[in-house]
Amino acid sequence: MSTFRGYYYDGRSSAGRLVTLERDGTDLKIRGDGLDLRLPADSARLSPKVGGGRRSIRFANGALCELTTDAQLEQLLGVDGGRLHRLLYRWERSLPLATLALVLTLAVVVCFIRFAVPAIAKHVALAIPAASEAALGKESLAFLDKYLMKPSALPEERQRQAKAVFRDLQAKLPAAKQYRVELRSAPSVGANAFALPGGTIVVTDAMVELAVGKDQLIGVLAHEAAHERSRHALRQVLQSTGTGLLIAALTGDITSITSLAATLPTALIDAGYSREFENEADDAAVAFLKMASIPPQVYADTLARLQAEHDKKAGEKGSGRRWSLLELFSTHPETPERIKRILGEK
């Protein structure tokens with residue numbers, strides 16, 4: 001009968017005692033360092049093989065024995081280790097198979113983030129009560145007003161004109177009647193408009209000044225109203241959170257989740273919507289403009305002016321722009337691509 005060596009832990013303290021293990025009938029004899037035990041072998045559970053790590057035997061009384069040898073352990077307990085465990089062990093010890101497993105795991109994670117997370121986020125976003133969504137939007141606006149934005153500095157007449165454009169949109173687009181527009185001064189944000197959860201569309205003073213005439217502004221508002229109608233902001237946040245949770249679960253980096261929660265309001269400003277969301281909103285804006293007998297070229301010109309303004313602000317003009325690794329993998333459509341799509345060009 002083979003004798004095995006290991007360290008015995010009684011389950012009540014962290015102190016380990018050097019022992020020997022030996023099979024005796026239906027029992028395991030454990031001896032050493034003032035210890036002489038007999039425990040039922042069928043109550044012991046042998047840990048699976050994992051690389052070159054030590055295996056252990058856990059007993060029903062909470063004790064554990066960490067073994068210093070891996071050879072013939074199954075014979076000690078009268079078990080064969082299981083076909084699945086043997087297969088996994090052989091797979092793990094093969095570098096090509098381990099590499100294949102890693103690639104397959106990454107592919108599953110990417111597919112889950114690409115397809116499953118958006119589908120789940122959409123389902124959850126549509127199930128969230130309107131009151132809860134409105135509360136989230138209210139808190140986000142309060143945060144932005146506190147740290148990034150101030151009341152509009154536009155002349156009263158210009159503010160009335162901008163809000164009149166929004167009322168014109170609401171008159172022609174029944175789905176927008178429950179929304180409201182807020183004008184804000186935000187030099188650090190620049191020309192921008194964004195939809196907060198709950199029906200609030202924020203338009204910066206710079207955006208109002210950049211739009212040439214009411215038609216350009218109404219195209220932007222129609223785009224944001226489409227984001228509101230489809231709950232894109234909420235879905236985007238849920239998708240980011242779901243992706244963050246998955247990454248945190250895989251990497252154990254919980255700090256990424258706390259960072260996400262803290263930056264939620266600013267993430268809504270620079271939403272970086274997915275290609276699907278932007279295309280949906282652009283299609284809705286173009287459909288509205290055609291219904292209102294406004295050429296889509298007006299909306300395309302607005303996007304071009306907006307992009308030029310952002311490039312100027314970022315100091316990234318023309319071909320001199322430097323692409324970051326994050327941008328290269330971004331699913332957010334570029335403005336020239338959106339303009340071609342709006343104009344029906346390939």
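Buried residues account for 39% of the 346 residues in this chain. The model is predicted. Start with the whole chain: 14 helices and eleven strands. About 19,700 Å² is exposed, and carbon and sulfur atoms supply 58% of that area. Take contacts between residues at least 6 apart in sequence: 58% of them join residues at least 24 apart.

**The four-stranded sheet**

Select β8, β9, β11 and β10. In that order they form an open sheet with mixed pairing. Color the edges next: β8 (150-151) and β10 (193-196) each pair on one side only. Now add helix α5, residues 156-172, which packs on the sheet. Helix α5 touches β9 and β11 (200-204). Its direction makes about 150 degrees with that of β9.

Go back to β8. Two bridges join β8 to β9, residues 180-185, and the two strands run antiparallel. Pick Pro-151 and look across to β9: its bridge partner there is Arg-184.

**Two loop residues with positive phi**

Move to the loop between α7 (213-229) and α8 (232-251), and select Arg-231. Its phi is near 55 degrees, a positive value in a residue other than glycine. Is Arg-231 buried or exposed? Arg-231 has a relative accessible area of 16%, so it counts as buried, the cut-off being under 20%.

Last stop: the loop between α11 (275-291) and α12 (296-314), where Ser-293 sits. Ser-293 is also not a glycine, and its phi is positive, near 60 degrees. The relative accessible area of Ser-293 is 66%, so this residue is exposed; the cut-off for that is over 50%.

Conventions. Residues are numbered from 1 along each chain as its sequence is written. This is a predicted model: local features need pLDDT of at least 70, side-chain atom pairs count only at pLDDT 80 or more; totals for chains, interfaces and linings use all residues. Side-chain values use heavy atoms; hydrogens and water are left out. Two strands pair if DSSP finds at least two bridges between them. Contact means heavy atoms within 4.5 Å. Axes are lines fitted to C-alpha atoms, for helices over the stretch in contact, and angles run from 0 to 180 degrees between N-to-C directions. Buried means under 20% relative accessible area, exposed over 50%, partly exposed in between (1.4 Å probe, protein chains only). Accessible areas come from the Shrake-Rupley method with a 1.4 Å probe; for residues, only the protein chains shown count as cover.
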